[in-house]
Amino acid sequence: MAEHDPETHALADEDVGHSIRKDDLEQQVNSWMVNMMFAMLVGKAKTKAKQLADEARNSFVVKVLLGLLALLVTFQVVNIISGDKLHDLELKPRDFPLGFIGLVISPLVDENFTMLVFNSIPFSVQAAYIMSKYGTQLFTLLTLIGAGMGGAITWVIAREHAHFHGLAPLVFTYGFYLMLRAFFATDSREVVLGASCVAFTIIFTALFSPNPTEIAWEGLSVCGLLGAGYGYLSKPEEMLDIVWNKVPDDISCEDAEDEPLADEEDVL
């Protein structure tokens, strides 16, 4: 019976060990490659989903904005055809009931087409920005605050025969909201956007309005204060239901920073 060489046995065991380690390494590499490919596919899917969501949202915002502008142009045409009859239904301070019904009509009818065009520019910019970044719920709420509450207060405090109609009150509401909200968020872009739109409206209203002295500037100021007040009450950290990209309440940045990263071996 042949004797077994110990050195031969040792070499054979070493070859087997190398083979096992090589197989383990190949398995780890293959697992790592599979995980990487899966992560890349998931990342691409998330990116594509976000792109589709952004495109759908932007398309919706454009449709809403074009619909609103078409409605305003329609009312302006009807007013011209009717011989300015719709202006008889505009908001008139302390005139009840017709003067109070103007709360509904006044935002839809401007003084003339020139004023409608110039007011539509800052209105469209702010409306598109608010709907795109914060959603249509906030846009609707601010519109109701400016046209409803602002108009009602103006009906009480404005001078006799003062004009309060068109998009200017809404521009003031949106603009002052963005400016004060940006103060808490330290976002200079929103300050510039809000301030420039309000200044644009003031300048062109003063230049192209047939009777600038009869404009209810106190009403515009009220709308601005209401917008700023809501901007204060709904600070960025408290805006939960009306922000598009809401962060869940149970997730905090500190928790994310303190959480240790998983070891590479555990992932594999």
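This passage describes a nonpolar surface patch, two residues of helix α3 and the packing of two helices in a predicted model.

On the surface of the model, a nonpolar patch of about 520 Å² is formed by Val-73, Val-77, Ile-80, Ile-81, Phe-113 and Val-117. Two helices, α1 (residues 6-81) and α3 (residues 113-134), each contribute at least two residues to this patch, and the largest contribution comes from α1, which provides 4 residues.

Within helix α3, two residues were considered individually. Val-117, a member of the nonpolar patch, lies in helix α3 and has a relative accessible area of 48%, so that Val-117 is classed as partly exposed, the class between the limits of 20% and 50%. Ile-121 is likewise located in helix α3, and because its relative accessibility is 41%, Ile-121 also falls into the partly exposed class. As regards its position relative to a residue elsewhere in the sequence, the C-alpha atom of Ile-121 is separated by 9.9 Å from that of Leu-167, although the two residues stand 46 residues apart along the chain.

The description now turns to helix packing, for which the angle between the axes and the distance between the axes are the quantities used to describe two packed helices. Helix α4, spanning residues 136-157, packs with helix α7, spanning residues 217-233, at an angle of about 140 degrees, and the axes of the two helices are 8 Å apart. The arrangement of α4 to α7 is therefore oblique, since only angles over 145 degrees would count as roughly antiparallel. The crossing in which α4 passes α7 is right-handed.

Technical notes:
Residues numbered from 1 in each chain as written. Predicted model: local features only at pLDDT ≥ 70, side-chain atom pairs only at ≥ 80, totals over all residues. Heavy atoms only, no water. Patch = residues over 30% accessible without salt bridge, like charges linked within 9 Å, V, L, I, M, F, W, Y side chains within 5 Å. Areas by Shrake-Rupley, 256 points an atom, 1.4 Å probe, with all protein chains shown as cover. Salt bridge = Lys/Arg side-chain N within 4 Å of Asp/Glu carboxyl O. Buried < 20%, exposed > 50% of the residue type's maximum accessible area, 1.4 Å probe, protein only. Axes fitted to C-alpha atoms, helices over the stretch in contact; angles between N-to-C directions. Parallel < 35°, antiparallel > 145°, perpendicular 65-115°, else oblique. Left-handed = near helix turned anticlockwise from the far one by under 90°.
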